[in-house]
Every structure is written in C-alpha cells, then in structure tokens.
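Here's a quick tour of a protein model, written for someone just starting out. Pull up the picture and follow along.

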Amino acid sequence: MLRTINTLKHSRNTVAKQFISSSQTRTKYTLPEIPYEYSAFSPVWSTEIVKNHHQGNHAAYVANLNATEEKMLSFIKNEQLENLSELHKLLRFNAGGHLNHTMLWQTIMPISAGGGKVVDGSLRAAIDREFDTVEKMITLMNAKTASIQGSGWGWLALNKLSGSLELITTPNQDTPNYYGYLPLFGIDAWEHAFYLDYKTNKAEYFKKIWQICNWAKVQSNFEEAMASINKV
Ligand SMILES: [Fe+2]
C-alpha cells in the first residue's frame, strides 16, 4: 500500500515538474505597443485617455496575468492544488483583459490613416446580408452595448457553431470565446474607456468610436475566423 502511495506521489511530482519546466521555457506576457502616437486618435479619444488606457489599464492586466500564472505554478509545484480554485477568476479576468485590449489596439486606427472607412469585401457583404447595412449594424451594436449594466464589452462576433455574424455583449473582461464566439471588433464599455473624455455620455462615445475603426483589420479578423471554423 505504501509503495502504491509513493508511486502515485512520484508520478504526480513528475507531471508537475514537466508542466513547470515547459511553462518556464516561454517568456512572460508583455504589453503590446500601439503602432500610433497616443495623440493620434483625436478627436475620438484624447491623448490622456489613450495613454492611461494603455499604460495603466492594459499594463495592469498584463502584470496581473503574469502574477497569477506564477502563483498557479507555485501551487502546482508545491502540491497545493486546492488553492488553484482561488485563482480561476483572476486568470479569467486578466487573460481576458489582455486579449480584449490587444484586439482593441489592433482594430483602431487614426482618422487620418483611414479610420472609419468601411472596406468592400466578404465582411461587408455578410453584414449587409445579416443587418441590411453597416449603418444599421452600428446602430444595433451601439444600443446593445449601451444595455450593459456595469462593465463589459459590446462585440461584432462570429458564432462558431452557426458561422453567422452576431452582436453580443460580455461582462467584465470575458472574451467572446467563453461563449462560443470569435471576436471581430469590440467596443470597450468600461468607464476607463470613455469617462475622461465623455463623462456620462456613453452614447456619444459609442457613436464616435466607429470613426477610428480599422475596417481592414476587422475584415481580416473575419477571414481568419471563417477559416478557423471551416477547419473544425
Ligand atoms: Fe479597457
């Protein structure tokens, strides 16, 4: 009996060590750079709000994601698996915050660089089929995003099962992936994304954010999402 227990313990340690070892070979998560100046999104977002959002909010998600990973690995290494449950919420929150904001910076561009200009392609055709026009889709998505109570995101997303375009919201920093969707473009409805510039006028913020939408990137997100569900 003792031998059986020792064998189990050895096996558990080996698995834990292998996991730790493979995890330690990769670098920490880092804050991605925004390929524009912080001032480039005026008049939709001020320099101050973009800088705070990137260096303050997004950087905190990255730091907390790394800290959570370290704690998780330590609990696994020290065979304190019961403590992992405390970290699930932190992992979901900070991993989601990092993913959502990484997509945000990729899907916006200054007006002077072509922000807000809808590109012709398969996404526009799909939007027209589903919502009649891009303008109607934007109105619906803004209304849906405005209905969020508390903090969250509004999304144009692809339903992984049906392959259809849908407008959804997610609470806190949940990504659409948690709910069976692939994100294409998100509106950050957290106060930190608008309050400095718009105070409580969220509706104005939702309307203006489309002026800096990088539609070419959203189109490529759509193509990648369609390709990935067609592979399933
Ligand atoms: Fe944000």
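In the hairpin made by strand 1 and strand 2, 5 residues sit between the strands, and one residue there, Gly163, takes a positive phi near 75 degrees. Keep in mind that this is a predicted model. From that hairpin we can work outwards to the sheet, the core and a helix with a bend.

**The hairpin and its sheet**
- Strand 1 and strand 2 pair up in the antiparallel sense, over 7 bridges.
- One spot to look for is Leu158, whose bridge partner in strand 2 is Leu165.
- Strand 1, which covers residues 152-159, also pairs with strand 3, again in the antiparallel sense and over 7 bridges.
- On that side, you can find Asn159 bridged to Tyr181 of strand 3.
- Put together, the 3 strands make an open sheet with antiparallel pairing, in the order 2-1-3.
- Why do strand 2 and strand 3 each have one side without a neighbour in the sheet? Strand 2 (165-171) and strand 3 (181-188) stand at the edges and have a single partner strand each, so nothing in the sheet sits beside their other side.
- On average, neighbouring strands in this sheet are turned by 30 degrees against each other, direction ignored.
- Lying across strand 1 and strand 3 is helix 3 (residues 88-106), which runs at about 75 degrees to strand 3.

**The nonpolar core**
- Which residues touch the most other members of the largest nonpolar core? Out of its 33 residues, they are Leu184, Ile212 and Val218.
- Several elements give two or more residues to this core, among them helix 3, helix 4 (122-131), helix 5 (134-146) and helix 8 (215-231).
- Strand 1 chips in the most, with 5 residues.
- Take Val218 as an example: leaving out residues up to four places away in sequence, Val218 touches Thr107, Leu123, Leu184, Phe185 and Cys213.

**Helix 2, bend included**
- Helix 2 (residues 47-77) has 31 residues, and at 1.5 Å a residue they should span 45 Å. The C-alpha atoms at its ends are 44 Å apart, which agrees with that.
- Where does helix 2 bend? The bend is at His53, and it comes to about 30 degrees.
- His53 is also one of the buried residues in helix 2, along with Val50, His58, Tyr61 and Leu65.
- Helix 3 turns up again here, as part of what covers the buried residues of helix 2.
- After helix 2 comes Glu79, which has a positive phi near 55 degrees.

Technical notes. Residues numbered from 1 in each chain as written. Predicted model: local features only at pLDDT ≥ 70, side-chain atom pairs only at ≥ 80, totals over all residues. Pairing = 2+ DSSP bridges. Helix = DSSP H or I, 4+ residues; strand = E, 2+ residues; numbered from the N terminus. Axes fitted to C-alpha atoms, helices over the stretch in contact; angles between N-to-C directions. Contact = placed C-beta atoms within 7 Å. Core = buried A, V, L, I, M, F, W, Y, C linked by C-beta atoms within 7 Å. Buried ≥ 20, exposed ≤ 12 C-beta atoms within 10 Å, placed from the backbone. Expected span 1.5 Å × (residues − 1). Bend = angle between axes of the 7 residues up to and from the residue.
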